[in-house]
Structure formats: structure tokens, C-alpha cells
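Have your viewer ready with the cartoon and side chains switched on? Here is a short tour, one selection at a time.

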Amino acid sequence: MSTAPHEDAPTWPAGFAARYRAAGHWRGETFSGMLRERAEAHGDRVALIDPAPERRAWTYRELDERAARLAAGFRARGIAKGDRVVVQLPNIAEFAEVVFALFRIGALPVYALPAHRETEIGYFCSFAEAVAYVIPDRHAGFDHRALATAVQERTPTLKHVFVVGDPGKHTALSDVPCEETAAPEDGPEPHDLAFLQLSGGTTGVPKLIPRTHDDYIYSLRGSNEICGVDADTRYLVVLPAAHNFPMSSPGWLGTLYAGGTVVLCPRPDPATAFPLVERERVTMTGMVPPLALLWTEAAPGAGQDLSSLELVLVGGAKYSETAARRLEPALGCRLMQVFGMAEGLVNYTRLDDDQETVVTTQGRPISEDDEIRIVDDAGHEVAEGDFGHLLTRGPYTIRGYWRAPEHNRSAFTEDGFYRTGDIVRRTPGGHLVVEGRAKDQINRGGEKVAPEEIENIILAHPAVHDVSVVGVADAYLGERTLAYVILREDSGPLGALAVKRHVRERGVAAYKIPDLVEFVDVFPQTGIGKVSKKGLRSESPAGPAPSAPASP
Ligand code: OOB
């Protein structure tokens, strides 16, 4: 028997749910309840600062009232509990307003990234049968309204497009709120789904990750305790707010949970972020390794006062030991490594870990109830200290993707462990070290690319006979993408730029466009006749990418 938060996704068996409740992990909280409580306890404290184009600071009371009015407006437009709403907003205050409004109704935000384009958005809207899509008018030079129109034309469920800014032919978000703010009677229960997060993905299309109020709030509480987040924390959101890392590790939701202040950063570069750190007295932030490298290099000569910074979390991709050693002296703050995944499990080094542990490991799990298994290709536990496939199960790790029963059979073990696809080893102190990856995914500086998705797009080019997309080592990003292309015999010449243009024109996020394209006559073959990506990797000009043993 299960506690069934939603019929569309497997959930924790009743015995586990009871255990997690008894242990005090799941405390019966919801996101809307949490915001309401904070607004009642300290309504005048600043919850959110959005610096651009002119500085806006919303108190907890204001954020709660705005979310309540917007929720009422959404409901008046027919958005109901369980409905899916694709939210694609940059780091602006409306992001929090919209998602807390949806939480209040029990409608599920589907967190798209600002970089996503028509292919991804069209897929999220149709697969999730979304009833609404929330966008900025323009962002980073791109007009989201035209994309919304195109997606709406082919998505029958998509009744509403809400726009922050000039709505064009759609609806202005600012026209939605109602004065009637009574909470809906059928609001969400703590064990209900709160939202759908996106998986990095190893297949042709990203999977949706169903997270409940109870489980996600537990991960916030656990992260806050480990990172020392409290009401005095001022957390800068430099990565896209929709990503799991800046959202919950401990991120902006963790900061709001603690009654602290969230500062939204419109762009992550030092020229934008450092003045904000100085002006808003930012104490904490989180970023991917390439950005940490940029900050480390820029800080010493930047001329800004970064002395308010106490802690920088770095994760999302492997952070080199050399780079890790340089961060603390350059930024004058503590470093914490974080190895997490939107599916659940998050590991942190600890504030009281010694320096060697902080720079050489990716941390240990949040919870004593996070179960970790490190197994060989046959699924047997390896000897302590050896590396193997990381499997995990616990109070905030999902038991299955949303509406993906077939994929779930291979992505999870029969007894509910998630196969992370990561190759790790455990140190005697219990910390994990990420040694590589078994999944077919490229980690481009923290941005995850599923080769299959890009291969499918390139294959659609009439001149292309076959293609294999692989990761190649890169000093800055960790990995870059390389597409090996075999042309049709009868096709004319095709340049690398034409291949890249083809991918761009299919409307995908720019970070998925191959960095390099090479034309070859044959791929290396394995014994079973499949394209050997491992062979391709070791042949690639920039040297081999991280290890890629076979899946268990
Ligand atoms: C975070 O989440 P996702 O879902 O974008 O990606 C998860 C995957 C992991 O399975 C692993 O392959 C990789 O990203 N990863 C790391 C890492 N942190 C994540 N690989 C090596 N070293 C690390 N420190 O990326 C994410 C979610 C929450 C917090 C932090 C990162």
C-alpha cells in the first residue's frame, strides 16, 4: 500500500512514510502554510529583493498577500488543484509570487529553465497537459510571447498564457490578481505533490520529477541546518531560480523557510553579482564550478566589498580540487561542496569538516535516513572504499518519475532505490567522492545534456546518415559537447556551422547546441555492433571525458 500523493507517480510505501513521519522528517507542512506562518510571525521582514530594473523589496506579508491575490485570480480563471502550469521565468520577484500562488491552490508548477525553447516547452506543455504557461515578455533578447503562441496553437489543453510585462495577445500577469483572497477549501495536503521538477535526463526527452510538500520541505530544513541558514541569511540566487540547486540547497526556498532574505541576481557574472553582494550584504550563495572559477578569478581585483559573504556552495558538476583550494582565499568566505540531484539526494561537506575533506570530497547526505548503496555492474555492494554505482533511497528521494512507468522500471530498483547513474566511492569518514558517470549524459558545467535528444535532432537533417554526441574534457566547463556526424553518401558537403544552425532552428536551449562538430566516415563499433561512445570519447581531440563504465 502506498500513501498515494498522486496517481501519476509511484510514492513511498506506507511503512516508509510512517517511519519518516515518526522520525520527524515529514512534519505535515505545506509551502502555502509555511509562507502564511512566516508572514504572521514576522510580516515586516524583507523576504525578497529584486534589484532590476528598479529595486523592489517585498516583505513576507507582501509576498503572502500577493500570492493569495494571484491564487484567487488563477482560480477565477479555472486553474484548480492538481492542474499543471509551466513556469518559465528568470530570476525576478514574480517567480516566487507565481509559484506560491500555485502552491496555495495545489496546482503544480512545472519548472522550465529560461533557456528552454519551443521543443522543450512544447513537450512540457503537452506531456504535462498544462493548462497555463507563465513567461516574461522578453528575456535575454528572446521574445517568449511568440514561442507561447506557437506552443498554444498545438497544445489543446493550454488555455492560458500569462506574461510578466507587455502581454501582446496574451494575458498580463498583473491583470490576474483578485481582491478576494480566502484560501481555497480544497488546498494541498502535505503529502500531495507540490511541483514537477525537470530531470537532467539521459533519454530523448526530460523526465518530470514529482516532489511533495513534505519531502521537499524536509530537504530544506535539513539543508538549512547544515548550511547554517537562519533569519539573518541573505541568499543570492545567481543560478536560474528554477533549478533545484538554487531553489533548495539551501537556496531561495530554504532561505524563505528560515525567514531570511532572498536577493535575486539577474545575471551570474561578477560584474552584475559583486555590486549586489556589496549593496545587499549577501551572506550566502550557490553556483556551478565554472562560475565559481570566474568569481575566484575576478574577486581579488574587483574593488567590491565582498566581506559579507560567509558561505559559497559549489556543485552541480565535479569541482576540481585545485579550483576548490583557491576559492576561500579569493572570496574570503567558507566553501561547501554540494552533490545533489533534482530526484532527491543531496550531499554536503560540513561547516566543521577539515579543509582537505571540503576540497577533496562532495560531501555526505543530509539525512541519517538517506540510504546509500555503492554497487558493481552486477548490482553487488563493492568493498568499502571501492568505487561503484550510486543507488539511493530516502525521505526526500522520489520513488519514480511522473507518468513514466516503463522508464521507472529501469531507473529504480525493485526495492525502490534510485539509480543515480553516478560512479562514487565513500571515504572512511563517510563522504562521497564522485569519480565519474555511468549514465548517457553530458555535464556541461552543471547543465545536463542528454546526447540522445541532440542526436535525434541532428538525425532529422536530410544530409545526415548517423550521429553520435559525446562529451569531451574542457578545462573551463568540465565537459563540452561534440557531435560526430556521418553524412549520407549522396549528400553534398555540410559544414559544422550548418549542423549547429539546424539544432538551433529546431528550437532547443542554446546550451544543447553542440560545441564541436566533426565529420567522420565510421564510428568505432563494440562487439554488439552499437556505437561505442567510450571509444569516441578516447579518440576525441580534447582528451577523454570522465569515466563511463556500463550501467548495472
Ligand atoms: C544538480 O541536480 P541535477 O538534477 O541537475 O543533476 C544531478 C546530477 C548528479 O546525478 C550528478 O551526475 C551531477 O548532476 N552532479 C555532480 C555534482 N552535483 C551534481 N557531479 C559531480 N560533483 C557534484 N558536486 O546538479 C544539483 C541539485 C541539487 C544541488 C546541487 C546540484
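Start by selecting L63, R66, A67, A68, L70, A71, F74 and R75 in helix α3, which meet A96, E97, V98, F100, A101, R104 and I105 in helix α4. Bear in mind as you look that this is a predicted model. Colour the contact by residue type and you will find eleven nonpolar residues, no polar ones and four charged ones. Now show the two helices whole: α3 covers residues 60–76 and α4 covers residues 93–105. Their axes are 8 Å apart and the packing angle is about 60°. Because of that angle, α3 is oblique to α4. The crossing of α3 and α4 is right-handed. While you have helices on screen, remember that an α-helix has 3.6 residues a turn, so residues three or four places apart point the same way.

Next, select residues 118–127 for helix α5 and residues 144–153 for helix α6. At what angle do the axes of α5 and α6 cross? The answer is roughly 45°, and the axes come within 10 Å. That crossing angle is why α5 counts as oblique to α6. Seen as a crossing, the α5 and α6 pair is right-handed. To light up the contact, pick E118, I121, G122 and C125 on α5, then L147, A150 and V151 on α6. These contact residues of α5 and α6 comprise five nonpolar, one polar and one charged.

Move along to helix α9, residues 251–258. Is this helix mostly covered or mostly uncovered? It is mostly covered, with eight of its eight residues buried. Among the buried residues of α9 are W252, L253 and Y257. Step just past the end of α9 and click on G259, which takes a positive phi of about 80°.

Now for some strands. Select β15, residues 311–315, where five of five residues are buried. Turn on the side chains and look along the strand: L311, L313 and G315 point one way, V312 and V314 point the other way, and all are buried. Add β14, residues 284–287, which pairs with β15 in the parallel sense over four bridges. For one of the pairings, pick T285, whose bridge partner in β15 is V312.

The next stop is an open sheet of four strands in the order β19-β20-β21-β22, with antiparallel pairing. Its edge strands, each pairing on one side only, are β19 (371–375) and β22 (432–437). Neighbouring strands here are turned by 45° against each other on average, direction ignored. Zoom in on β21, residues 418–426, which runs antiparallel to β22 and is joined to β22 by five bridges. Click R426 to find its bridge partner in β22, L432.

Finish at another open sheet, with three strands in the order β25-β26-β27 and mixed pairing. The edges are β25 (464–474) and β27 (516–519), each of which pairs on one side only. On average, neighbouring strands of this sheet are turned by 25° against each other, direction ignored. Keep the sheet visible and add helix α15, residues 451–459, which packs on it and touches β25 and β26. The direction of α15 makes about 145° with that of β25. Lastly, select β26, residues 478–487, which pairs with β27 in the parallel sense over four bridges. There, L482 has L516 of β27 as its bridge partner.

Key:
Residues numbered from 1 in each chain as written. Predicted model: local features only at pLDDT ≥ 70, side-chain atom pairs only at ≥ 80, totals over all residues. Pairing = 2+ DSSP bridges. Axes fitted to C-alpha atoms, helices over the stretch in contact; angles between N-to-C directions. Parallel < 35°, antiparallel > 145°, perpendicular 65-115°, else oblique. Left-handed = near helix turned anticlockwise from the far one by under 90°. Contact = placed C-beta atoms within 7 Å. Nonpolar A, V, L, I, M, F, W, Y, C, P; charged D, E, K, R; others polar. Buried ≥ 20, exposed ≤ 12 C-beta atoms within 10 Å, placed from the backbone.
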